[in-house]
Amino acid sequence: MPAGGSITFEVVFDARSLIQVGDYTAELEFSGNFTNNVPPMPLTMHLSCPTCGILEGSVTDAWTGDPLTADIHVTGPGGFDYMTTGDSYSIAVPAGMYDFTVSADGYFDGTATVEAIAGVTVVTDFALIPQVALLEYMPDTIEVTVPLGGSVVETLMMHNIGTLPFDFSLTDVETGSPAAALVTCPPDAYGYSCTDSTEPDGLVSYAFEDISGTGTPISLGDDQVSGAIPLGFTFNYYGTDYTELYVSSNGFLTVNAGSSNGCCSGQQLPNTATPNGVISGWWEDLNPASGGTIHYQTLGTAPNYYLVVQFTNVPHYPSGLPVTMQFKLFANSNNIEVHYMDAPSDAGQHSAGIEDQAGAVGLSYYYGTAPLASDLAVCYLYPGQFACGSGGGDAAWVWQNPDEGTIDAGMMLNVDVVFDASVVTQTGTYEAQLYFDGTFENDVPPATLIMHVVEPDIWWTMDYTFYTQSGMSHSGTMYFDYDGTFTDESGDMGMWEFFPQPPRVGIVYTDGSNCSAAAFGRYVGDLHVFGLWSCRDGSGRRGVWTGTILTGALPEGHAGQPLPFAIPE
């Protein structure tokens, strides 16, 4: 622009691409080689559309109600095509019909056809439904009483509360059994306990896995401690995670770096005197310098890895009385086992046990001068573990039908949970966790399964009271056998039959002073039964009775014996 000159320019306000009425503001800035400061020019366009309709609304998650950012696509008459992204919209459009498609990742699309009316604001909100598969189940605990040799079937209901189908599989893991009580040494202050292979129906069996030809050798002289030995996994010992440990030539492992070698006799464990953090197999004065070998090897597959450290024919000092044993440390359970092929004694003080890193807490399996039995296994159970080795495996006494499958969105599936006391040999309490795996997206805690196994002669017992029409009453106890018979407190006998839908029981006396009485009762809750009583010998004894279950559980899964009459529902 020449000095003293002027230029006229046009400012064009173009509303053709806009679909929202209201005020639009901008600033026109001036730049050039002039030296003065020129303020920007404010620009304002007031946009209105008297013949338009206003379409507006919001987008939310249908389950939570939270605002949801989505792609909003609108098409309409005259080739109208508009796209925006956000959790709300507001557009001014000519009168007519408009199609909406609202999309967000992980959600089903929302669609609507909306009529725009001149001068009218039409609100259309979109609540998008998540694309998700979710599992709920009930009950969270199933507890039954089963006679030894018998079985009971219970129902677990699985429900897909989501909007997509999912596949599932069920796995049960045993977490308790009567054998768990067979411990040789009670728990220490941290919670470790121990058991051995001499316990009847115990938790550990002797299983020596020779690695002398496959393992990595550890070269030790007399009274030496190895360098760090890699475990191949993370192992928790008295609350601390370890990936390596150390081997003493004198028959023990330690988790403490820089530990002393423990010469020249074992200590009563636990013991605050060094060495500490000891896992003692047969701690005394052993001498690999005069014979034998020591090897280590990690075995198993994920997640059930375990480390084996094996002493093979390592003699006592100076020589003779060789020791062959192996340690097993399990990744999945943090359990420890020691398997003794030969653990002789030279009359010195030998120690077998475990202790924490400071020697303040621990377990002593053995301390003395006598040898251990050959082909012996000792298991040190990590706190909370009840099974040796890699921990609880499949519970053989319970299974599910089906144990895998597909559940469509919104549908339910009843799973039979079969408790089978024919595969166990001991009475007592068996426990398991039922785990749910599959393509559902929520975290599902395991269900608890409990089976109380009792001797088969008494299935359940019930206290009862019989009230006659004349105002008399009689109370007693009935003892119900698994075979469908019962005996009362007077020795009178009869038969019983269970009817599941609705739960009710029928009783018929077959001999005794109670005549040929027939009774039926319906269950109320898990403990109480009530019903009617009528003699069938013409004596006219009639009335009502109530009962309270004392032991056992509802006899579901076993029908008793067929009775000679029907039981009303």
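In this predicted model, four strands form an open sheet in the order β5-β4-β7-β8. The pairing is antiparallel. Strands β5 (80–86) and β8 (110–116) stand at the edges. Each has a single partner strand, so one side of each is left without a neighbour in the sheet. From one strand to the next, the twist averages 20°. Within this sheet, β7 (residues 96–103) runs antiparallel to β8, and 7 bridges join the two. One residue pair places the register: M97 has E115 in β8 as its bridge partner.

A second open sheet contains 6 strands. Their order is β17-β18-β19-β20-β25-β26, and the pairing is again antiparallel. The edges are formed by β17 (229–237) and β26 (362–368), which pair on one side only. Here the twist averages 25° from one strand to the next. Strands β18 (residues 240–248) and β19 (residues 252–254) are linked by 3 bridges in the antiparallel sense. Y246 has T254 in β19 as its bridge partner. Strands of a sheet pair through backbone hydrogen bonds, either parallel or antiparallel.

Strand β27 (residues 376–381) is also paired with other strands. With β15 it forms 4 bridges in the antiparallel sense. C194 stands opposite Y380 of β27 in this pairing. Strand β24 (residues 336–342) also pairs with β27, antiparallel and over 5 bridges. There, E337 is placed opposite C379 of β27.

Burial of β27 is complete: 6 of its 6 residues are buried, so the strand is largely enclosed by the rest of the structure. In a regular strand the side chains alternate between the two faces of the sheet. Both faces of β27 are covered. L376, V378 and Y380 lie on one side, and A377, C379 and L381 lie on the other. Y380 touches a number of residues distant in sequence. Among them are S193, C194, N335, I336, V338, L363 and Y365. The contacts of Y380 also include S280, A352, G353 and I354.

The largest nonpolar core has 44 residues. Y237, V247, Y340 and Y380 have the most contacts inside this core. Strand β17 supplies the largest share, 5 residues. Another core, of 31 residues, lies apart from the largest one. I142, L170, W397 and F440 are among its members. In soluble globular proteins, nonpolar side chains tend to be buried together.

A search of the whole structure finds 3 disulfides. A disulfide is a covalent bond between the sulfur atoms of two cysteines. C185 is joined to C194, with an S to S distance of 1.5 Å. Both of these cysteines are buried. C194 also stands opposite Y380 in β27, and Y380 touches C194. The disulfide between C379 and C388 has an S to S distance of 2.2 Å. The torsion about this S-S bond is about -110°, so the disulfide is left-handed. C379 counts as buried because its relative accessibility is 0%. C388 is buried as well, at a relative accessible area of 9%. C379 belongs to the covered strand β27, where E337 stands opposite it.

The remaining pair joins C263 to C264, with an S to S distance of 1.4 Å. C263 has 34% relative accessibility and therefore counts as partly exposed. C264, at 40% relative accessible area, is also partly exposed.

The search for salt bridges across the whole structure finds 1. It joins the side chains of K328 and E209, with an N to O distance of 2.7 Å. K328 lies in strand β23 (residues 323–330), whereas E209 lies in the loop between β15 (193–196) and β16 (216–217). The pair therefore ties together parts that are 119 residues apart in sequence. K328 is buried, with 3% relative accessible area. E209 is partly exposed, at 28%.

Conventions
Residues are numbered from 1 along each chain as its sequence is written. This is a predicted model: local features need pLDDT of at least 70, side-chain atom pairs count only at pLDDT 80 or more; totals for chains, interfaces and linings use all residues. Side-chain values use heavy atoms; hydrogens and water are left out. Two strands pair if DSSP finds at least two bridges between them. Axes are lines fitted to C-alpha atoms, for helices over the stretch in contact, and angles run from 0 to 180 degrees between N-to-C directions. A disulfide is a pair of cysteine sulfur atoms within 2.5 Å. Buried means under 20% relative accessible area, exposed over 50%, partly exposed in between (1.4 Å probe, protein chains only). A nonpolar core is a set of buried Ala, Val, Leu, Ile, Met, Phe, Trp, Tyr and Cys residues joined through side-chain atoms within 4.5 Å. Contact means heavy atoms within 4.5 Å. A salt bridge is a side-chain nitrogen of Lys or Arg within 4 Å of a carboxyl oxygen of Asp or Glu. Lists of a residue's contacts leave out its neighbours within four places in sequence.
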